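The following exercises are intended for a reader who meets this structure for the first time. Please work through each task before consulting its solution.

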Amino acid sequence: MTKKFLAANWKMNPPPEGWEKPDSPFRTHADCDVVVFPTFLDLERCSKAGLIVGAQCGRSTHHGAFTGDVSIDLLKHTPCRYVLCGHSDRRNYHGETDEEIATQVVAALEANIHPILCIGETEEERAKKKTEHVLKKQLSSLSTMNSHLSLTIAYEPVWAIGNGKTATAAQAQEAHAFIRSQLDVRILYGGSVKPENAAELIAMPDIDGLLIGQSSLDVRAFRGIVDACTSS
Ligand code: PGA
């Protein structure tokens with residue numbers, strides 16, 4: 001069995017109660033790698049408590065007059081080992097484009113920080129049967145890069161994020177198989193993952209791990225997901 005990978009995206013929230021306890025489910029498990037993505041403010045203390053940490057975003061420009069931003073290059077001086085690139089919140093609220101996101105992936109590879117590139121279609125695009133077209137376009141900016149990229153893809157259908165509306169395991173598997181046909185890398189599923197649906201999702205042949213938002217803000221729920229992923 002290949003080791004599963006769970007990413008806890010805490011978004012703009014403090015770490016959930018109990019995150020630092022010795023038996024915290026956020027600690028990497030023998031059968032499952034766990035990485036937490038806290039706000040920049042909490043990176044250091046999470047790392048000091050023994051968790052593996054990543055950044056929720058980072059700018060590709062190394063330095064300069066970008067008030068409030070943090071560059072991926074500056075992340076080299078933090079305990080970050082991973083960075084999310086192109087999460088749908090960043091695409092929506094910060095207007096990040098595929099081209100810009102590709103430069104973040106390059107900056108992360110240069111900084112030796114593992115990029116997790118987030119892609120996924122909207123509800124409207126799915127209804128118009130454009131899912132594969134959208135995924136292909138979101139991946140196309142990587143085509144000029146070395147084919148042996150050390151990166152992870154997170155398939156997160158926008159219509160399933162943060163609203164309890166999970167893709168079925170079959171829908172997720174279909175999208176993952178398509179992504180795998182384009183790029184043979186580790187692929188995570190994200191979008192309303194809960195303890196109740198984690199086992200079914202993780203059992204799919206092309207789902208290598210999960211990216212979890214809401215359910216990672218509750219230690220009990222996250223423990224349920226870890227259990228579901230390590231008992232199969
Ligand atoms: P969700 O978020 O699990 O709350 O749907 C996933 C994500 O945004 O990464």
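**Exercise 1.** Determine whether aspartate 42 is buried or exposed in this predicted model, and describe its surroundings.

*Solution.* Begin with the accessible area. The relative accessible area of aspartate 42 is 10%. Residues under 20% count as buried, and therefore aspartate 42 is classed as buried. Next, locate the residue in the fold: aspartate 42 belongs to the loop that links strand S2 (32-37) with helix H1 (43-48). Then list its contacts. When neighbours within four places in sequence are left aside, aspartate 42 is in contact with Asn13, Pro14 and Pro15. Its side chain also forms a polar contact of 2.9 Å with the side chain of arginine 45. Finally, consider a separation: serine 24 is 18 residues from aspartate 42 in sequence, and the C-alpha atoms of the two residues are 16 Å apart in space.

**Exercise 2.** State which residues threonine 152 touches, not counting residues up to four places away in sequence, and classify its accessibility.

*Solution.* First, place the residue: threonine 152 is part of strand S6 (residues 152-155). Second, apply the accessibility criterion. Threonine 152 has a relative accessibility of 0%, so it counts as buried. Third, name the residues touched, with the stated sequence neighbours excluded: His114, Pro115, Ile116, Leu117, Arg186 and Leu188. Fourth, examine histidine 114 further, since its side chain and that of threonine 152 are joined by a polar contact of 2.7 Å.

**Exercise 3.** Identify which residues of the largest nonpolar core touch the most other members, and follow one of them outwards.

*Solution.* The largest nonpolar core holds 57 residues, and those touching the most other members are Leu6, Phe26, Leu117, Ile153, Tyr189 and Leu210. Helix H9 (residues 219-230) supplies the largest share of this core, with 6 residues. A second core, separate from it, has 11 residues, including Leu84, Cys118, Ala154 and Leu188. Now take leucine 117. Beyond residues up to four places away in sequence, leucine 117 touches a set of residues that includes Cys85, Ile101, Val105, Thr152 and Ile153. Ala154 is also one of the residues touched by leucine 117.

**Exercise 4.** Describe how many residues surround the ligand and which polar approaches its oxygen atoms make.

*Solution.* The ligand is surrounded by 13 residues, the closest being Lys11, His87, Glu156, Gly162 and Ser192. By class, this shell consists of 4 nonpolar, 7 polar and 2 charged residues. Consider the distances in turn:

- An N or O atom in the side chain of lysine 11 is 2.6 Å from a ligand oxygen atom.
- A polar backbone atom of glycine 213 is 2.8 Å from a ligand oxygen atom.
- An N or O atom in the side chain of asparagine 9 is 3.5 Å from a ligand oxygen atom.

On its own, the ligand has 280 Å² of accessible area, of which the protein covers 99%.

**Exercise 5.** Set lysine 11 beside lysine 129 and classify the accessibility of each.

*Solution.* Start with the backbone. Lysine 11 has a positive phi of about 50° although it is not a glycine; for lysine 129, likewise not a glycine, phi is positive at about 60°. Then compare locations. Lysine 11 lies in the loop between strand S1 (4-9) and S2, whereas lysine 129 lies in the loop between helix H5 (123-127) and helix H6 (131-140). Lastly, classify both. Lysine 11, at 23% relative accessibility, counts as partly exposed, while lysine 129, at 76%, counts as exposed.

Conventions: Residues are numbered from 1 along each chain as its sequence is written. This is a predicted model: local features need pLDDT of at least 70, side-chain atom pairs count only at pLDDT 80 or more; totals for chains, interfaces and linings use all residues. Side-chain values use heavy atoms; hydrogens and water are left out. A residue is near a molecule or strand if one of its heavy atoms lies within 4 Å of it. A polar contact is a pair of N or O atoms within 3.5 Å; within protein, one must be able to donate a hydrogen and the other to accept it, and residues adjacent in sequence count only if both atoms are side-chain atoms. Accessible areas come from the Shrake-Rupley method with a 1.4 Å probe; for residues, only the protein chains shown count as cover. Ala, Val, Leu, Ile, Met, Phe, Trp, Tyr, Cys and Pro count as nonpolar, Asp, Glu, Lys and Arg as charged, and the others, Gly among them, as polar. A nonpolar core is a set of buried Ala, Val, Leu, Ile, Met, Phe, Trp, Tyr and Cys residues joined through side-chain atoms within 4.5 Å. Buried means under 20% relative accessible area, exposed over 50%, partly exposed in between (1.4 Å probe, protein chains only). Helices (H or I, at least four residues) and strands (E, at least two) are DSSP runs, numbered from the N terminus. Contact means heavy atoms within 4.5 Å.
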